[in-house]
Every structure is written in structure tokens, then in C-alpha cells.
Amino acid sequence: MRIILLGPPGSGKGTQAQRLVQRFGIVHLSTGEMLRAAVAAGTPVGLKAKDIMARGSLVPDDIVVGIISDRIDQPDAKNGFILDGFPRTVPQAEALDELLKHKHMKLDAVVELRVNESALVERVETRAAETRARGEEVRIDDTPEVLIKRLAAYRAQTEPLIHYYSERRKLLTVDGMMTIEEVTREIGRILTAIGAVDNNPAKKHPAAQRSSRSSARGAAKGAKPAAKGGAKGGPRGGVKAKKAARPALRAGKRTVKGAKKAAAKAIRRPAKKVTKKRAKA
Ligand code: AP5
Ligand code: MG
């Protein structure tokens, strides 16, 4: 299974990725974790990324595409992966399409976590407070001021991906305002519905023991910028996505081969079940 978790800062990408890793035994590839590891290790990539991340901006496309390209080539990614925080711009998405095509790999789905902006602020504040309480170092970008910039970057550069993947029939939207457990259950349900996974909790893969941190460390070591040709174009705007009170399997559900009975039901779910008000992301 190869999926992307898409959502604003604090929407639960990392939380859900770790739970999916436990459940399905695939690797968690978080560009944010990889970049933080590179910063901590003082690698050339880390030195370039440090200030950019501290001010809540996005690291250049060629750097992150290079990191992901190298990481996907590693043996533990053969069984599948969860991309968390990548792609984050349309050029990154286009570069990923090219990479996967070149490697004869198929993307199963893009899971968008939709969360109200006020909840995002609260979650990031709570995470910072909990990290501090444990005596650990708080992420340099987990401050209210930098969060505002990260949210602005998400809206301007990442939100266009909702349209990008919706057009490509890959987008599945989940209400990220539910509890952590409920969100995990919904993601499992929709991935089962499209036939991407065998959602049997009894089957835990041995690879589930691997931590995303070790993946990040491995990637940070081997990271190098990719050729610039892979990342071109510009973000597309004008997305009018609808808020999903329940997860909305968008256009993609009609074309997924091998979908099980549940998928057929989901396909027939009428559009009116999706409320129209767009959550502020
Ligand atoms: P990155 O590390 O990807 O950060 P982010 O996208 O800003 O997201 P976060 O990690 O803050 O949030 P999350 O969605 O993972 O939420 P979490 O599960 O932790 O990127 C950092 C920086 O690196 C970027 O700003 C950029 O500079 C750079 N970068 C990374 N990738 C890049 C790329 N591709 N291109 C360019 N630059 C890149 O949850 C947050 C909190 O909420 C936790 O405390 C959790 O317990 C809680 N929580 C989670 N789910 C729920 C729930 N359902 N209910 C209640 N609480 C919840
Ligand atoms: Mg994260």
C-alpha cells in the first residue's frame, strides 16, 4: 500500500501515520522528521533547511524530492509506505508522479485530514506543552507565531493538492475532528473499501516494529538534492472542496479495481451526505 496523508499542521498526519504503520507494517516517510534529523545532524541539507523551517516556510522542492527519491529506493519501502508531509506543493506532486512512474509503483490513495483552524492551534499548543512537560526539546516551529506562517504556507502552497488529487481520482477526505481512534478507524475503513488493504487487525506485519524516527535518520544520512527538472510548474488554486461530515470517497472510488463490497456501497453513497460548508483548514 502506498498512501499520502495530506493536511495542515496539527491535523494528525504524524499521529495517524504511526498508527497505520503499527497496523499495516509499512514504513512512515515524514519529510518533516527527515529534515529535523538532518538539521540535528548538521548535514548540508539540514544546514539549508534549518532557518526555512524555523520561520514556517517550505524547504525548496528539489531538496525534499531528492530526500524522498532516495528513501523510496531503500529496501524497507518495497512493501509500501505512508508519505506524511510530502508532497506539499504541486511541483512536488508532479515530481512524485514521475518518480513512481519511473519505479513502476502505484499510489493507492491520498487521505486528506480536515480539521478546523482553531483546533489546529489548540493541538499544536498542547503538543508543545506536553513536550516541554516531558523535559524534551520543543519543535522550533511549534510557536503560535510560526504556526500562523505554516498555516498560510499550507493554504497557499499545499491546499491546491486537494484539487490535484481529486482530479486524478485519488482523494479520500476524512473528518479529522473526530477522536484519534475514530480517525484511525475511518482511514482503515476507507482504505479497505477501495481495496488498498486487508483490514484485519489480527494481521500485524513484522515491519510494524520499525519506528519512523529510524526511517528519518536513515533518510537524512543519504539525503541529497534531486535534479531540478523533476520539479517544475506552479500551484493551482481555486479549490472549492466540501466539508465531509463523514469521509467522502471522491471521484476516485469509481475506478479502483478489485474494490470489495464495502467499496460498492461507498460508491453509491449520495453526494448530499456531504455537507457544503468548507472547514477552515
Ligand atoms: P512537518 O513536520 O510535516 O509538520 P506539519 O505539516 O506542520 O505538521 P505537524 O507535524 O505539526 O502536525 P501533524 O499533522 O503531523 O499532527 P500530529 O499528528 O503531530 O513539517 C515541518 C516543516 O518541515 C515545514 O513547515 C517545512 O518547513 C518543512 N517541510 C516538511 N516537509 C516538507 C515538504 N514536503 N516540502 C517543503 N518543506 C517541508 O498531531 C498534532 C497534535 O495533535 C499531537 O499532540 C496529537 O496528539 C494531537 N492530535 C492528533 N490527532 C488528534 C485528534 N484527532 N484529536 C485530538 N488531538 C489530536
Ligand atoms: Mg507531523
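Met 1 counts as buried, at 15% relative accessibility; here buried means under 20% relative accessible area, exposed over 50% and partly exposed in between, with a 1.4 Å probe and protein chains only. The model is predicted, so to speak of local features pLDDT must be at least 70, side-chain atom pairs count only at pLDDT 80 or more, and totals for chains, interfaces and linings use all residues. Residues are numbered from 1 along each chain as its sequence is written, chains are lettered from A and ligands numbered from 1 in the order in which they are written, and side-chain values use heavy atoms, with hydrogens and water left out.

Back to Met 1, which sits in the segment before strand E1. Helices (H or I, at least four residues) and strands (E, at least two) are DSSP runs, numbered from the N terminus. Leaving aside residues up to four places away in sequence, Met 1 touches Phe 24, Ile 26, Asn 79, Gly 80, Phe 81, Asp 108, Leu 191, Ala 196 and Val 197, contact being heavy atoms within 4.5 Å. Val 197 is 196 residues away from Met 1 in sequence, yet their C-alpha atoms are 6.9 Å apart.

Next comes E1 itself. Five of the five residues of this strand (residues 2–6) are buried, so E1 is largely enclosed by the rest of the structure. In a regular strand, side chains alternate between the two faces of the sheet. Both faces of E1 are covered, with Arg 2, Ile 4 and Leu 6 buried on one side and Ile 3 and Leu 5 buried on the other. E1 pairs in the parallel sense with strand E3 (residues 81–84) over four bridges, and with strand E4 (residues 109–114), also parallel, over four bridges; strands pair if DSSP finds at least two bridges between them. Arg 2 has Phe 81 as its bridge partner in E3, while Ile 3 has Ala 109 in E4.

What about empty space? There are two cavities of 30 Å³ or more, a cavity being a set of points on a 1 Å grid over the protein atoms alone where a 1.4 Å probe fits but cannot get out, with lining residues having an atom within 4 Å of a point. The largest holds about 50 Å³, where grid points are joined across faces, edges and corners and the volume is the space filled by probe spheres set on the points. Its lining includes Leu 5, Leu 6, Lys 13, Arg 88, Tyr 154 and Thr 158. E1 and helix H7 (144–158) are the elements that give two or more residues to this lining. Pro 87 is also among the lining residues; the peptide bond from Phe 86 to Pro 87 is cis, with omega near -5 degrees, and Pro 87 lies in the loop between E3 and helix H5 (90–102).

H7 also packs against helix H8 (residues 160–167), at an angle of about 35 degrees and with the axes 6 Å apart. Axes are lines fitted to C-alpha atoms, for helices over the stretch in contact, and angles run from 0 to 180 degrees between N-to-C directions. On the H7 side, Tyr 154, Arg 155, Ala 156, Gln 157 and Thr 158 meet Pro 160, Leu 161 and Ile 162 of H8.

Most residues other than glycine have a negative phi. His 104, though not a glycine, has a positive phi of about 55 degrees; this residue is in the loop between H5 and E4 and is exposed at 75% relative accessibility. Arg 169, in the loop between H8 and strand E5 (171–175), has a positive phi of about 60 degrees and is partly exposed at 39%.

Key: 1 Å grid on protein atoms, 1.4 Å probe; cavity = no way out; pocket = protein on both sides within 12 Å on 5 of 7 lines; lining within 4 Å.
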